[in-house]
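Here's a quick briefing to read alongside the model. Have the sequence and the 3D view open as you go.

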Amino acid sequence: MVPSNDTQFHPNFFLLLGIPGLEDMHMWIGFPFCIIYLTALLGNLTILFVIQTDHSLHHPMFYFLAILSSVDMGLSTSTMPKMVGIFWFNLREITFVGCLIQMFFIHLCTGMESAVLVAIAYDRYVAIFNPLRYTLVLTNKVVSIIALIILLRSLAILAIPFVLLILRLPFCGHQIISHTYCEHMGIACLSCASIKVNIIYGLCAISILVFDIIAIIISYVYTLHAVFCLPSRDVQMKALSTCSSHVYVMLAFYTPAFFSFMTHRFGQNVPQYIHILLANFYVIIPPALNPVIYEVRTRQIREKVTRILTYKL
């Protein structure tokens, strides 16, 4: 379908181009993307199943891990099926409402994932700094409140405001989005009105992620100080090993986000397909890597998964 050039306040649909410059490779690109998506689904469903069925894992750290796995499935499912549809079946059209819904869930899940990483950092700090009071500090009620704050913060600061900021904009027939999914600035740039408010608010929203990173760093400074005050090296190494999974997950989430932001803001000479690929890595790599990291690095989950696989075989 050819998009109309008529000025309209809200268009009926947008066209997602996929990865401009690599159109001839879309078919082949779809295979690794599909494999990554299936890996994310299988891995996160396994994490949720293990935590749900093993009552010995009904502790704050694993509750936060279950929230992280749920968010990862939401993030990958809100983007990957449409990407694969573009790559394999040339299904580029997406309705205006569908585009807003996709944008809503992408920003909701990315905001929640960042907040969950902060919660896990706090959990590790309490577990190492004051292990005797761990279950008294992080009770089920406290974990539920933290989970609610994670959801409400992402709704109030990211997901809902971005939708409202797009709804206020008129569009002038420019309905082609050079991307694989709908995101705030990609849609806003198609408007024929000023998008200064969108740009400013977008930068403020990014500062929330920066705040999360700072909070995690501060938490780990205190955590490491507590670790190196422990009496023996064996105890120190055991304490550090409990934090390593979180550090790897944090790097898997923030590193693609950092490079995507840097190339978008300062990489004017970087080919457009590099921008798009980095933005894709930001939403597809963490959901696939996180369950793998936790299944390999967390003894309780690794042993449970091994027992399940051994039983099946």
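What follows is a walk from the whole chain down to a handful of residues.

This is a predicted model, with local features needing pLDDT of at least 70 and side-chain atom pairs counting only at pLDDT 80 or more, while totals for chains, interfaces and linings use all residues. Residues are numbered from 1 along each chain as its sequence is written, and side-chain values use heavy atoms, with hydrogens and water left out.

**Overall fold**

- You're looking at a chain with 10 helices and 3 strands, where helices (H or I, at least four residues) and strands (E, at least two) are DSSP runs numbered from the N terminus.
- Reading from the N terminus, the order of elements is β-α-α-β-α-α-α-β-α-α-α-α-α.
- The radius of gyration is 21 Å, which agrees with the value near 20 Å that a compact globule of 313 residues would have; that radius is taken over C-alpha atoms, and the globule rule is 2.2 Å times the number of residues to the power 0.38.
- Along the principal axes, the C-alpha atoms fill a box of roughly 70 × 45 × 35 Å.
- Of the contacts between residues at least 6 apart in sequence, 79% join residues at least 24 apart; a contact here means heavy atoms within 4.5 Å.

**Surface and charge**

- Buried residues account for 49% of the 313 in the chain, with buried meaning under 20% relative accessible area, exposed over 50%, and partly exposed in between (1.4 Å probe, protein chains only).
- About 15800 Å² of the chain is exposed, and carbon and sulfur atoms supply 71% of that area; the areas come from the Shrake-Rupley method with a 1.4 Å probe, and for residues only the protein chains shown count as cover.
- There are 17 positive and 13 negative side chains, and the centres of the two sets sit 10 Å apart.
- For that tally, Lys and Arg count as positive and Asp and Glu as negative, leaving out His and the chain ends, and each charge is placed at NZ of Lys, CZ of Arg, CG of Asp or CD of Glu.

**Helix H3 and two of its residues**

- Helix H3 covers residues 96-129, and its 34 residues reach 50 Å from first C-alpha to last, close to the 50 Å expected at 1.5 Å a residue; the expected span is 1.5 Å times one less than the number of residues.
- The rest of the structure largely encloses H3, because 25 of its 34 residues are buried.
- Phe96 belongs to H3 and is buried, at 6% relative accessible area.
- Around Phe96 you'll find contacts that include His10, Pro11, Phe13, Phe14, Ile166 and Phe171, setting aside residues up to four places away in sequence.
- Phe96 and Val227 are 131 residues apart along the chain, and their C-alpha atoms are separated by 51 Å.
- Met103, also found in H3, is buried at 0% relative accessibility.
- Beyond residues up to four places away in sequence, Met103 touches Phe162, Val163, Ile166, Cys182, Glu183, His184 and Ile187.
- Met103 and Ala279 are 13 Å apart, C-alpha to C-alpha, with their positions 176 residues apart in sequence.

**Helix H2 and the loop after it**

- Ser76 sits in helix H2 and is buried, with just 1% relative accessible area.
- Again leaving out residues up to four places away in sequence, Ser76 touches Tyr37, Ala40, Pro81, Val283 and Pro287.
- Asn90 lies in the loop between helix H2 (60-89) and strand E2 (93-95).
- Have a look at the backbone of Asn90: its phi is positive, about 60 degrees, although Asn90 is not a glycine.
- Asn90 is partly exposed, at 48% relative accessible area.

**Helix H10**

- Tyr311 is in helix H10 (residues 299-312) and counts as exposed, at 72% relative accessibility.
- The C-alpha atoms of Tyr311 and Ile218 are separated by 43 Å, and the two residues are 93 apart along the chain.
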